[in-house]
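Here is a short tour of charges and strands for your bench notes. Have a look at the model first, and then we can walk through it together.

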Amino acid sequence: MTDELFSDEIKNLENKEREIEAKLASALLVHAKVKLVEPKGIPRSEGKAKRIVDKRQV
Amino acid sequence: MQIQQISVFLENKPGRLAHVAEVLRDNKINIRALTIADTSDFGILRMIVNKPEQAHEVLKRAGFTVKQNVVVGVEIADREGVLFEIMHLCDERGLNVEYTYSFVEQSSNKAILFLRFEDPEKAVEIFRASGYTLLRDEEARKL
């Protein structure tokens, strides 16, 4: 949430979430729930992405 | 006749409000009135403080998303039915209240109702014309 985007009215912020969700859905064709967070609220990537979880019992 | 208000964006998780309070304490800023509007994900803290410009500055420096805007403070008698009188007036004159919160002054039997309007100037005119006393910004800082 940046200063420019911030409105102190709940309805404006919720509209913003819906707007971003709609844009994502039209660009990616999948629906994603958007959650507004404080500045620096999204953790930085910690090294390599972990795409495979090995559940084999060997 | 419009009062400076500080709004802070807070994620809905433990410790965030404590952090705001800590920053205000460290900078000797006193809160006169406050309210929190919350959703499942986030909240908006709105406050009237004695030093709004400084509060804005120090909270921003601490990494918060902060906004300074204005509310109207109406002085009302501390008795039943007064909220209705105010809301009835707003309704009659087509003033849409975005949100409101209040503060009771024990010493004077008065209360202050803070109201946020889309068009605060129009609201100020209407309240004055209807004989209400509006709180001045300097007074709000000293409440």
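## A charged pair in chain A

R56(A) is exposed, with 62% of its relative area accessible. Please keep in mind that this is a predicted model. The partner of R56(A) is D54(A): the two form a salt bridge in which the closest N and O atoms are 3.0 Å apart. Over all chains, the count comes to 21 salt bridges.

## A bridge within helix α1

How far apart are R18(A) and E21(A) in helix α1 of chain A? They are three residues apart, about one turn of the helix, which covers residues 10–28. Their side chains form a salt bridge, with 3.2 Å between the closest N and O atoms.

The two ends of this bridge differ in their surroundings. R18(A) is partly exposed because its relative accessibility is 41%, while E21(A) has a relative accessible area of 8% and is therefore buried, the cut-off being under 20%.

## Salt bridges and the two chains

D41(B) and K33(A) also meet through their side chains, in a salt bridge of 3.1 Å from N to O. D41(B) sits in the loop between β2 (31–38) and β3 (42–49) of chain B, and K33(A) in the segment after α1 of chain A, so this pair joins two chains. Is each partner buried or exposed? D41(B) counts as buried, at 13% relative accessibility, whereas K33(A) is exposed, with a relative accessible area of 61%.

There is also a network of salt bridges to look for: it links E9(A), K11(A), E98(B) and R116(B).

## A hairpin in chain B

Now turn to the strands. In chain B, strand β5 (residues 97–105) and strand β6 (residues 110–117) run antiparallel and are joined by eight bridges. Which residue of β6(B) stands opposite V97(B)? That residue is F117(B).

β5(B) and β6(B) form a hairpin, with four residues between them. One residue to pick out in the turn is N109(B), which has a positive phi of about 60 degrees. As a reminder for reading such strands, side chains in a regular strand alternate between the two faces of the sheet.

## A negative patch

Finally, chain B carries a negative surface patch made up of E118(B), D119(B), E121(B) and E125(B). One of these, E125(B), belongs to helix α4 of chain B, which covers residues 120–129. E125(B) counts as exposed because its relative accessible area is 58%, and the cut-off is over 50%.

Technical notes
Residues numbered from 1 in each chain as written. Chains lettered and ligands numbered in written order. Predicted model: local features only at pLDDT ≥ 70, side-chain atom pairs only at ≥ 80, totals over all residues. Heavy atoms only, no water. Patch = residues over 30% accessible without salt bridge, like charges linked within 9 Å, V, L, I, M, F, W, Y side chains within 5 Å. Areas by Shrake-Rupley, 256 points an atom, 1.4 Å probe, with all protein chains shown as cover. Salt bridge = Lys/Arg side-chain N within 4 Å of Asp/Glu carboxyl O. Lys, Arg positive; Asp, Glu negative; His and termini not counted. Charge placed at Lys NZ, Arg CZ, Asp CG, Glu CD. Buried < 20%, exposed > 50% of the residue type's maximum accessible area, 1.4 Å probe, protein only. Pairing = 2+ DSSP bridges.
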